[in-house]
Amino acid sequence: MSDGEREVEDGAHLAGVPDEFQRLWTPHRMAYIQAGPEPLREDCPFCEAPQHDDAERLIVARGKTAYVLLNLFPYNSGHLLVCPYRHIATYDQATPEEVAEIGALTQTAMRVLREVSRCTGFNLGMNQGEVAGAGVAAHLHQHIVPRWATDANFFPIIAKTKALPQLLGEVREAVANAWPAAGV
């Protein structure tokens with residue numbers, strides 16, 4: 001090998017080599033993860049939001065018993081939440097009026113998102129309780145997540161894809177910097 005040439009190493013054993021998982025780098029979600037399960041809140045954010053200016057709290061529509069706002073930590077652009085004003089934890093605690101309005105607001109939100117973002121599908125859901133993944137378990141809320149064929153944001157079990165909130169280099173640097181000097 002001459003002085004100007006470098007030996008090319010076989011990268012099959014190096015970190016970051018492709019495996020059966022695709023990775024979606026979502027570093028913006030690190031703020032949510034680092035804040036913990038109840039990020040920066042003393043009061044229920046869904047009880048608090050309607051008491052403020054709509055633009056300030058990302059509210060896009062208000063109904064009689066429920067309202068719609070953007071998710072502060074979205075899975076996709078346009079990720080909306082439909083919340084009853086009343087502080088209830090689960091769907092079975094909702095009144096028939098709340099159930100009807102949550103449904104109507106969800107349908108309207110889907111139509112609006114389809115128009116403004118040209119999405120071709122949706123994930124709708126309510127995570128009931130902390131063990132079910134509810135970030136704010138004490139206040140019922142319905143997720144409306146717009147989807148596109150190219151967004152590739154599927155769950156690992158379905159599509160063997162992971163959304164990673166931080167680049168590998170950043171993780172490596174943070175771990176290395178926090179490692180005890182004695183190597184323990």
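# A walk through a predicted protein chain

The protein chain has five helices and seven strands, where helices (H or I, at least four residues) and strands (E, at least two) are DSSP runs, numbered from the N terminus. This is a predicted model, in which local features need pLDDT of at least 70 and side-chain atom pairs count only at pLDDT 80 or more, while totals for chains, interfaces and linings use all residues. Residues are numbered from 1 along each chain as its sequence is written, and side-chain values use heavy atoms, with hydrogens and water left out. Read along the sequence, the protein chain follows the pattern β-α-α-β-β-β-α-β-β-α-β-α.

It helps to begin with confidence. The pLDDT is the predictor's confidence in each residue, on a scale from 0 to 100; its mean over the protein chain is 74, and 59% of the residues reach 70 or more. Among the elements, helix α2 (residues 45-48) has the highest mean pLDDT, 93, and helix α5 (residues 168-178) the lowest, 35. Over residues 164-180 the pLDDT is below 50, although this stretch has 19 contacts in the model beyond near neighbours in sequence, a contact being a pair of heavy atoms within 4.5 Å. Where pLDDT is low, the predicted coordinates should not be read in detail.

We can turn next to the strands. Five of them form an open sheet in the order β2-β3-β4-β6-β5, with antiparallel pairing; here two strands pair if DSSP finds at least two bridges between them. The edge strands are β2 (59-62) and β5, each of which pairs on one side only. From one strand to the next the twist averages 20 degrees, where axes are lines fitted to C-alpha atoms, for helices over the stretch in contact, and angles run from 0 to 180 degrees between N-to-C directions.

At one edge of this sheet, β2 and β3 pair in the antiparallel sense over three bridges, and a hairpin of three residues joins the two strands. Within this pair, Ala61 has Val68 in β3 as its bridge partner. At the other edge, five bridges join β5 to β6, which run antiparallel, and Asn123 finds its bridge partner in Val145 of β6.

The loop between β5 and β6 contains Asn127, which is partly exposed, with a relative accessible area of 35%; buried means under 20% relative accessible area, exposed over 50%, and partly exposed in between (1.4 Å probe, protein chains only). Leaving aside neighbours within four places in sequence, Asn127 is in contact with Ala132, Gly133, Ala134 and His143. Another loop, between α2 and β2, holds Leu58, which has a positive phi of about 65 degrees although it is not a glycine. Most residues other than glycine have a negative phi.

Helix α3 deserves a closer look. At 1.5 Å a residue, the 22 residues of α3 should span 32 Å, and its end C-alpha atoms are 31 Å apart, which agrees; the expected span of a helix is 1.5 Å times one less than its number of residues. Glu98, Glu101, Ile102, Leu105, Thr106, Ala109, Met110 and Leu113 are buried in α3, and the buried residues of this helix pack against β3, β4, β5 (121-125) and β6 (142-147). After α3 comes Arg118, whose phi is positive, near 55 degrees.

What lies between such elements can be described as a nonpolar core, which is a set of buried Ala, Val, Leu, Ile, Met, Phe, Trp, Tyr and Cys residues joined through side-chain atoms within 4.5 Å. The largest one has 15 residues, and those with the most contacts inside it are Leu80, Val82, Leu113, Phe122 and Ile144. At least two residues of this core come from each of β3 (66-70), β4 (80-84) and α3 (96-117), and α3 gives the most, with five residues. Apart from this core lies another, of nine residues, among them Ile59, Leu81, Cys83 and Val136.

Val82 lies in strand β4 and is buried, with a relative accessible area of 1%. Beyond its neighbours within four places in sequence, Val82 is in contact with several residues, including Val68, Ile102, Leu105 and Ile144. The C-alpha atoms of Val82 and Leu105 are separated by 7.1 Å, although these residues are 23 places apart along the chain. For the chain as a whole, 29% of the 184 residues count as buried, and residues 24 or more positions apart account for 58% of the contacts with a separation of 6 or more.
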